[in-house]
Every structure is written in C-alpha cells, then in structure tokens.
Amino acid sequence: MHRFANPTRFMRLSGAVLPWLTAATIAALAIGLVMALVLAPPDYQQGETVRIMFIHVPAAWIAMSAYGLVAGASAAALIWRHPLAEIAARSAAPLGAGFTLVCLVTGSLWGAPMWGTWWVWDARLTSVLILFFLYLGYMALGQAFDDPERGGRAASILALAGFINVPIIKYSVDWWNTLHQPASVMRMDGPAIDPAILAPLLVMALAFTLLFGVLLLVRMRTALNERKIRALRLAAATPEAAYGRPTSLTPREA
Amino acid sequence: MGADLSHWLEMGGYAVYVWSAYAVATIVILAMALASIGRYRTSRRLLAELQAEGEGAHDA
C-alpha cells in the first residue's frame, strides 16, 4: 500500500489508468441512462417516479462511501502524516458534497409526488442533511487557518468525529419511524426488488462510482501539481531553497 | 413515433418531477466535472511553464 502512496508513482499510475476509467465511465453512464429512462418498466405502486430512484439511490451510496473515504484518509493523515492521504480526503470532500446535494434534491423531487411533501424532519432526511453540512464544514475548516497544516489537522479531526453520522444514516430507517422506505438492496436475505428495476440501479451505481473515481483522481493530480508549483515558486524566490526540499521533485512528473 | 416520444416525455404525468431530478443531477455532476477538469488543466499548464523556466535557468 505504501508503494502506491508514493506521489511520483501515484502520478504515473493514475495517468495510465485515467483514460480507460474515463471511457468506462462514459459507457456505463450511457448504458445506465438508457436502462433507467427507457428500458426499466414503471413501478406498480410508484409509476414513472421510480426512475428518480436510479439517480437518488446511487447518489446516496456515493455520498456515504465518499464520507467513509474522507474519514479513513483523514485518520491515515493524522496517524502517518502521509501527504497523499490528506490530498485524497481534501479531493474527495467536494465530490461527496455534490453527490449528497444530488441525493437531497432528487429525494425531495421524489417525495413531493409520492409522500405529498418535499421534506420531513425525520431521522433519515435530517441525518443526510447533516452529512451535507459535515462536508461543507470539513471543506471550510481546512482553509480557516493561516497555517495550512493546522487547518488540515483540525479538518481531519472533524471528519473523524463526523463519521458517527454514517451508521446513523444507514440504520435510521430501522431505528426511528420515518416516511422513508427501508433498505431493499443491501439486505441479509438478498435484494427485495425486481430484477427489471435492480439492473438499471446497479448499472447507474457503477456509473456513479466510476465517475467519482475519475474526478477523485483528477482532483488528486491537480493537488499534487499545485503543491509542486508552490515548491518551484518558492525555490525561484529563494535560490538557497533550491538545494533544500524541492530537489526531491522530479521535473518530468506532470 | 411522435406519439411514443411525447408519451415517454410525459412520464405518466410525473414529467416535472422526473425530468427536474435528472436535470439537477446533470447540472451538479457537470459543474463538478468542469470545475475539476478546468483546475487540472490550469495546474498542468502552470507547472509546464515553471519547469520550462527552470530548465532555461540551468542552461544560462
């Protein structure tokens, strides 16, 4: 694992993987959208609104697993001080926030016709709203200090403390009364969902996961480039610094 | 064909909700993708410029 966490090696590997991952993402999105909007039959209870599920549920899965990634990488950054771990967490957070926003808005647009309300302050909806604010808080806190290292550490601690919210989201539909339906795919006794509806859901989930992966790699590469730009500028401004830290940077890494 | 298309677009009377949901998802995802790719391209260009300058300085 530590071998892949080397920034130079990361740039080389991610650069090689990125074109293939992008092609796979576009293909999965195209197939998923045709399945979701055309091929899937309307639900016997929910009619055509079930098509909202094909974006709502994958967005929710990504929103939660991205937070798991932010928290896990933050823990690694706090414990081992590895630069790539913090870059991974910082790069994943805005994407997680975006998918959480998609989850919230599409859920509201689904709730309006099916529940008769855009919003209820129940455990599931409220805990996902808190997830959204945790992402925003993490992003803001990381930039709130003059010393970026202190900001990074404070944000990492917030990310770790906020992880308690993830199991609360997952089990909120079992622990409290809610309008929200319980889990129907990830169940101990197998998915309680028709294959004609399950297939588009899984393809869209794959597409969203690939998309998240592509954007995460792009953002991590950007962060590493920007770090090198700062080091080169510092070296140019103070000539003696050129014989210090920046010599570890290989010039042809971009 | 035309009737099929308009039937599909109607989404069983839920067109507003279904199409709004897909529009919002498209806008948010596109915004994230464009912002990420734009910043990536800028970083690559700046880094290439700085490295070209650095190599020029070594030659001199």
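These are my notebook entries on a predicted model with chains A and B.

**Entry 1: chain A overall**

I began with the secondary structure of chain A. I found seven helices and zero strands. Read from the N terminus, the elements run α-α-α-α-α-α-α. I then looked up the extent of the C-alpha trace. Along its principal axes, chain A spans about 70 × 35 × 30 Å. I also checked burial. Of the 254 residues in chain A, 47% count as buried.

**Entry 2: chain B overall**

I turned to chain B next. Chain B has two helices and zero strands. I looked up its box along the principal axes, and the C-alpha atoms fill roughly 70 × 25 × 5 Å. I set the radius of gyration against the globule rule. For 60 residues, a compact globule would come out near 10 Å, but chain B has 24 Å. Burial in chain B stands at 25% of its 60 residues.

I noted the surface as well. Chain B has an accessible surface of about 4000 Å². Carbon and sulfur atoms account for 65% of that surface. Last came the charges. Chain B carries 4 positive and 6 negative charges, and their mean positions are 6 Å apart.

**Entry 3: the largest nonpolar core**

Which residues touch the most other members of the largest nonpolar core? I found A:M53, A:F54 and A:F99, in a core of 72 residues. I then listed the elements that each supply at least two residues of this core. From chain A they are α1 (7–39), α2 (50–80), α3, α4 (123–142), α5 (148–162), α6 (165–175) and α7 (195–237). From chain B, α2 (15–59) joins them. I asked which helix gives the most to this core. The answer is α2(A), with 15 residues.

**Entry 4: two residues of helix α3 in chain A**

I looked up A:S108 and placed it in helix α3 of chain A, residues 83–115. Is A:S108 buried or exposed? A:S108 counts as buried, because its relative accessibility is 17% and the cut-off for buried is under 20%. I also checked its side chain for a polar partner. A polar atom of the A:S108 side chain lies 2.8 Å from the backbone oxygen of A:W118.

A:A97 is found in helix α3 of chain A too. At 6% relative accessibility, A:A97 therefore counts as buried. I took one distance from this residue. A:A97 and A:L206 are 109 residues apart along the chain, and their C-alpha atoms are separated by 19 Å.

**Entry 5: positive phi outside glycine**

I looked at backbone angles next. Most residues other than glycine have a negative phi. I noted two that do not.

A:R81 is not a glycine, yet its phi is positive at about 55 degrees. I placed A:R81 in the loop between α2 and α3 of chain A. With 56% relative accessibility, A:R81 counts as exposed, because the cut-off for exposed is over 50%.

B:M11 is not a glycine either, and its phi is positive at about 50 degrees. I found B:M11 in the loop between α1 (2–10) and α2 of chain B. Is B:M11 buried or exposed? Its relative accessibility is 1%, so B:M11 counts as buried. I wrote the pair side by side: A:R81 is exposed, whereas B:M11 is buried.

**Entry 6: A:D189 and B:W19**

I went to A:D189 next. Where is A:D189? I found A:D189 in the loop between α6 and α7 of chain A. A:D189 counts as exposed, because its relative accessibility is 61%. I took the distance to A:L78. The two residues are 111 apart in sequence and 38 Å apart in space, C-alpha to C-alpha.

I closed with B:W19, which has its place in helix α2 of chain B. The relative accessible area of B:W19 is 25%. That value makes B:W19 partly exposed, because buried ends under 20% and exposed begins over 50%. I checked B:W19 against B:L9. They are 10 residues apart in sequence, and their C-alpha atoms are 8.5 Å apart in space.

Note on methods:
Residues are numbered from 1 along each chain as its sequence is written. Chains are lettered from A and ligands numbered from 1 in the order in which they are written. This is a predicted model: local features need pLDDT of at least 70, side-chain atom pairs count only at pLDDT 80 or more; totals for chains, interfaces and linings use all residues. Side-chain values use heavy atoms; hydrogens and water are left out. Helices (H or I, at least four residues) and strands (E, at least two) are DSSP runs, numbered from the N terminus. The radius of gyration is taken over C-alpha atoms; the globule rule is 2.2 Å times the number of residues to the power 0.38. Buried means under 20% relative accessible area, exposed over 50%, partly exposed in between (1.4 Å probe, protein chains only). Accessible areas come from the Shrake-Rupley method with a 1.4 Å probe; for residues, only the protein chains shown count as cover. Lys and Arg count as positive and Asp and Glu as negative; His and the chain ends are not counted. The place of a charge is taken as NZ of Lys, CZ of Arg, CG of Asp or CD of Glu. A polar contact is a pair of N or O atoms within 3.5 Å; within protein, one must be able to donate a hydrogen and the other to accept it, and residues adjacent in sequence count only if both atoms are side-chain atoms. A nonpolar core is a set of buried Ala, Val, Leu, Ile, Met, Phe, Trp, Tyr and Cys residues joined through side-chain atoms within 4.5 Å.
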